[in-house]
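Here is a friendly walk through one protein chain, looking at how its parts meet and where its backbone does something out of the ordinary. Have the viewer open as you read.

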Amino acid sequence: MADDIFVTRPYLPPLDEFKDLLGRIWDTGVLTNCGPYHQELEEKLCEYLNVPHISLFNNGTIALVVALRALGVKGEVITTPYSFVATSHAILWTDCTPVFVDVEPGSLNLGPSQIEVAITENTAAILPVHCYGHPADVDAIDAIGAKYGIPVIYDAAHAFGVECHCGSVLTHGDLSVLSFHATKVFNTFEGGAIVCKTPEMKRYIDQLKNFGHHGETSVIETGINGKMSEINAAFGLLQLGYVDDAIAKRAAIDERYRAELVDLPGFYCLGDTGQTRQNYAYFPVRIGAEFPMSRDALYYYMKERGVHPRRYFYPLISEFPMYRNLSSADSVRFPNAATAAEEILCLPIYPDLDDASVTRIITMLRDAAASRV
Ligand code: T4K
């Protein structure tokens, strides 16, 4: 167990540096309610991510719910069945209905043409995911949103720091939502954020995440408590100073996997969807028919040997009980997503995964590829 390798481990900066930041919290007694660390982290993240406005949240799921609410989305929301369940749960939490459409076979992101044919008079929003931090086709999807007057909210939970041809992917659509969960490239233990374009929208989102308060005695919205605490924000500020180094370490692991696994039959590394800056959040591989064992067999083969990859995203969201009776939930409607759910395996990747561990994983995969089971 001590030698087990998990799909990820959180990046933790030096504890002493965190203790220094905690000292200020103890001095001031400001623990939450958008205090100085919260404010500073919003400013620093705008600079780092090159986005106009950001509102911090206590997690990405609440941020998604508030994003839908902020745009007044009511009705059907076109989305992907190939994601973490939070994407669709946010839609249900706002009393909207997910409409699942297929992903593209290469990027595993929603396909613009599939989105367009699914649009009806009931469509209230489009909610694509930048799956694994690989950008969706933002230009085409934004154009569809504009053409039909439908808001686009990107679930950018995996896309911290990712850039494409026109800069940060987070500036696309009406809103983008980030997750800073412990398992993410940039983490604040738990946390999330909404990226928006105008100061008015930022103010509105800030109100929504703070019970709908507008001043001390006035409440103008049925808001929620979505605020990030000062401890989480302080940790984020510390983390931000190390994130480039953390991403560089992920990049080195990504490079080794690609170089040393390239010749395995039926073993395909996913990756390039036109991003100009990646964050190497995940290392998804497709296990094809020419590989000597199925994806699931490989998953158990590795687990038995102490390496714990993950089948992100199996099963499809549409198979969970609260979704499976929707008219859009029949998986014959999304063959690419259904195939991906059966074939994709995410290998361990995180900054502290050392060379010896990467070698162990590569050797294990080469042994599996050479086996006759
Ligand atoms: N949209 C998308 C597309 C998302 O992927 C997510 C979250 C969201 C929205 C919602 O954002 P948040 O509300 O979470 O901010 C994990 C994460 O819990 C979840 O945040 C993430 N996506 C999802 C893809 O993965 P699990 O079920 O894989 O977590 P768990 O606990 O099995 O952790 C995986 C591995 O990480 C463990 O084997 C060991 C390691 N780990 C995990 C934690 C929590 C640690 O070493 N330390 C830790 O504290 O869901």
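## Salt bridges and polar contacts

Between domain 1 and domain 2 of this predicted model, the number of salt bridges is zero. Polar contacts are a separate matter: 19 residue pairs, both members at pLDDT 80 or more, make such a contact between domain 1 and domain 2.

Which elements supply residues to the domain 1 side of this contact? At least two residues each come from α4 (86-93), β4 (97-100) and β7 (163-164). Of the elements on that side, β4 gives the most, with four residues. By residue type, the side of domain 1 that touches domain 2 divides into 21 nonpolar, twelve polar and four charged residues.

## The two domains and their shared surface

The domain assignment places domain 1 at residues 15-240 and domain 2 at residues 244-369. Taken over C-alpha atoms, their centres are 25 Å apart. Domain 1 puts 37 residues into the contact, and domain 2 puts in 35.

The size of an interface is often given as the accessible area lost when the parts come together. Here domain 1 and domain 2 bury about 3,100 Å² between them, and 62% of that is on carbon and sulfur atoms. If you want residues to click on, try Phe100, Tyr132 and Val185: in domain 1 these lose the most area to domain 2, together 22% of what that side buries.

## Two cis peptide bonds in one loop

Most residues other than glycine have a negative phi, and most peptide bonds are trans. With that in mind, look at the loop between β13 (307-308) and α11 (335-343), where phenylalanine 313 sits. The peptide bond from tyrosine 312 to phenylalanine 313 is cis, with omega near 15 degrees.

Proline 315 also lies in the loop between β13 and α11. A cis peptide bond joins tyrosine 314 to proline 315, with omega about -5 degrees.

## Two residues with positive phi

Cysteine 34 is not a glycine, yet its phi is positive, at about 60 degrees. You will find cysteine 34 in the loop between α1 (15-28) and α2 (36-49). Its relative accessible area is 29%, so cysteine 34 counts as partly exposed.

Leucine 108, another residue other than glycine, has a positive phi near 60 degrees. The place to look for leucine 108 is the loop between β4 and α5 (112-118). Is leucine 108 buried or exposed? Leucine 108 is buried, because its relative accessibility is 1%, and the cut-off for buried is under 20%.

Technical notes: Residues numbered from 1 in each chain as written. Predicted model: local features only at pLDDT ≥ 70, side-chain atom pairs only at ≥ 80, totals over all residues. Heavy atoms only, no water. Domains from an automatic or database assignment. Contact = heavy atoms within 4.5 Å. Buried area = accessible area lost by both parts, 1.4 Å probe. Salt bridge = Lys/Arg side-chain N within 4 Å of Asp/Glu carboxyl O. Polar contact = N/O pair within 3.5 Å; in protein donor to acceptor, adjacent residues only side chain to side chain. Nonpolar A, V, L, I, M, F, W, Y, C, P; charged D, E, K, R; others polar. Buried < 20%, exposed > 50% of the residue type's maximum accessible area, 1.4 Å probe, protein only.
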